Amino acid sequence: KMFNNATEVVLMREGTTTVLSMQNNSQGPPDHFAMVVPVPVVIREKQVQTLPRDVFDKIDTLGAPRLVEYWEHDPCTPDYDEDDNYPRAMMKEEAEDDEGGEDKDEAEYHVKVEAKFSVGEYDIEVLSAEQSTGLNNWLHDHHYTIPPGAEPLLRPYVEQGTKWFVAKVDPKKVHFENGMATLSPLRFYYDSPEFTLPIRLGLANSSGTQDLIVNILAPNTRYEVANYPNVTIPTNLTVNDSVRTRFGEFYAALFDH
């Protein structure tokens with residue numbers, strides 16, 4: 001069996017264009033495996049590329065929780081000239097630890113291969129489907145091993161006219177470490193008036209607990225989830241000095257609370 005323990009996403013939005021980059025931690029056998037991502041429109045080869053993994057490391061650091069230390073000069077001390085050495089504010093930052101055409105598939109499964117190409121270690125097919133059962137059967141019959149009971153998760157997307165970005169991985173091009181596949185992050189862009197992130201399908205491969213980390217890069221704009229409750233973690237807290245050496249542990253406890 002294959003499990004998806006965590007997905008990290010970076011989103012950018014300008015006008016009706018969404019740029020979506022995603023990185024997955026997949027655990028399972030080092031055989032052929034694939035990612036199936038619902039997308040609102042047909043995506044072409046020029047819209048897809050792989051990224052170096054350190055791009056996500058930099059995003060992690062940029063958005064990581066920070067422990068900041070400020071030094072204040074004694075307000076009662078006499079003024080100094082500009083050349084004198086004033087203590088300056090110091091900050092300490094720690095981070096948490098070929099297109100396809102119509103074929104028999106369209107009649108038999110009500111599935112059409114809209115595009116087909118390869119990028120990096122991924123062989124990609126972009127599908128459209130008229131029926132969720134047909135899509136489910138197409139994936140099975142084309143040697144995609146999908147979890148039992150996935151069809152109800154596919155259905156809402158099919159009913160909305162969603163397309164399917166299917167990225168099959170060549171295991172000869174993938175490095176496995178401790179049973180986890182080290183995959184290149186995928187980036188693609190598309191135009192759509194809706195700014196959404198499909199997450200329901202990922203639950204099919206959950207081993208019980210699954211992390212979804214969403215980073216949105218935007219100029220002077222704050223984003224929140226529109227259809228789920230948002231809980232804001234406390235910030236700008238004054239903490240004991242002991243937190244200095246246990247910041248990761250402290251923040252994890254604050255997050256859990």
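In helix 4 (residues 151-159), the buried residues are Glu-151, Leu-153, Leu-154, Tyr-157 and Val-158. They sit on the same side of helix 4, because together they cover an arc of only 150° around the axis. That arc is taken from the directions that lead from the helix axis to the C-beta atoms. An α-helix has 3.6 residues a turn, so residues three or four places apart point the same way. Buried here means under 20% relative accessible area, exposed means over 50%, and partly exposed lies in between (1.4 Å probe, protein chains only). Helices (H or I, at least four residues) and strands (E, at least two) are DSSP runs, numbered from the N terminus. After helix 4 comes Gly-161, with a positive phi near 80°.

A word on the model itself helps with reading what follows. The model is predicted, so local features need pLDDT of at least 70 and side-chain atom pairs count only at pLDDT 80 or more, while totals for chains, interfaces and linings use all residues. Residues are numbered from 1 along each chain as its sequence is written, and side-chain values use heavy atoms, with hydrogens and water left out.

Another glycine is found in helix 3 (residues 132-141), namely Gly-134. Gly-134 is buried, at 5% relative accessibility. Its C-alpha atom is separated by 5.9 Å from that of His-110, although the two residues are 24 apart along the chain. Contact (heavy atoms within 4.5 Å) links Gly-134 to Tyr-109 and Val-111, leaving aside neighbours within four places in sequence.

Val-111 also opens the next element, since strand 5 covers residues 111-119. Strand 5 runs antiparallel to strand 6 (residues 122-129), and eight bridges join them; two strands pair if DSSP finds at least two bridges between them. One of the partnerships is that of Ser-118 with Asp-123 in strand 6. The two strands form a hairpin with two residues between them, and Gly-120 in the turn has a positive phi of about 60°.

Six salt bridges are present in the structure, each being a side-chain nitrogen of Lys or Arg within 4 Å of a carboxyl oxygen of Asp or Glu. One of them joins Glu-125 to Lys-116, with the closest N and O atoms 4.0 Å apart. Glu-125 is buried at 13% relative accessible area, whereas Lys-116 is partly exposed at 43%. Another salt bridge, at 2.6 Å from N to O, brings together the side chains of Arg-244 and Asp-241. Here Arg-244 is partly exposed at 28% relative accessibility and Asp-241 is exposed at 55%. Salt bridges with shared partners join Glu-69, Asp-241 and Arg-244 into one network.

The surface also carries a nonpolar patch formed by Ile-199, Leu-212, Val-214, Ile-216, Tyr-223, Val-225 and Tyr-228, with about 570 Å² of accessible area together. Patches are made of residues with over 30% relative accessible area and no salt bridge, where like charges are joined within 9 Å and nonpolar side chains (Val, Leu, Ile, Met, Phe, Trp, Tyr) within 5 Å. Tyr-228 lies in the loop between strand 11 (211-217) and helix 5 (247-256), and is partly exposed at 48% relative accessibility.

Finally, Ser-192 belongs to the loop between strand 10 (186-191) and strand 11. Ser-192 is buried at 7% relative accessibility, and touches Arg-13, Thr-16 and Pro-40, not counting residues up to four places away in sequence.

Technical notes: Areas by Shrake-Rupley, 256 points an atom, 1.4 Å probe, with all protein chains shown as cover.
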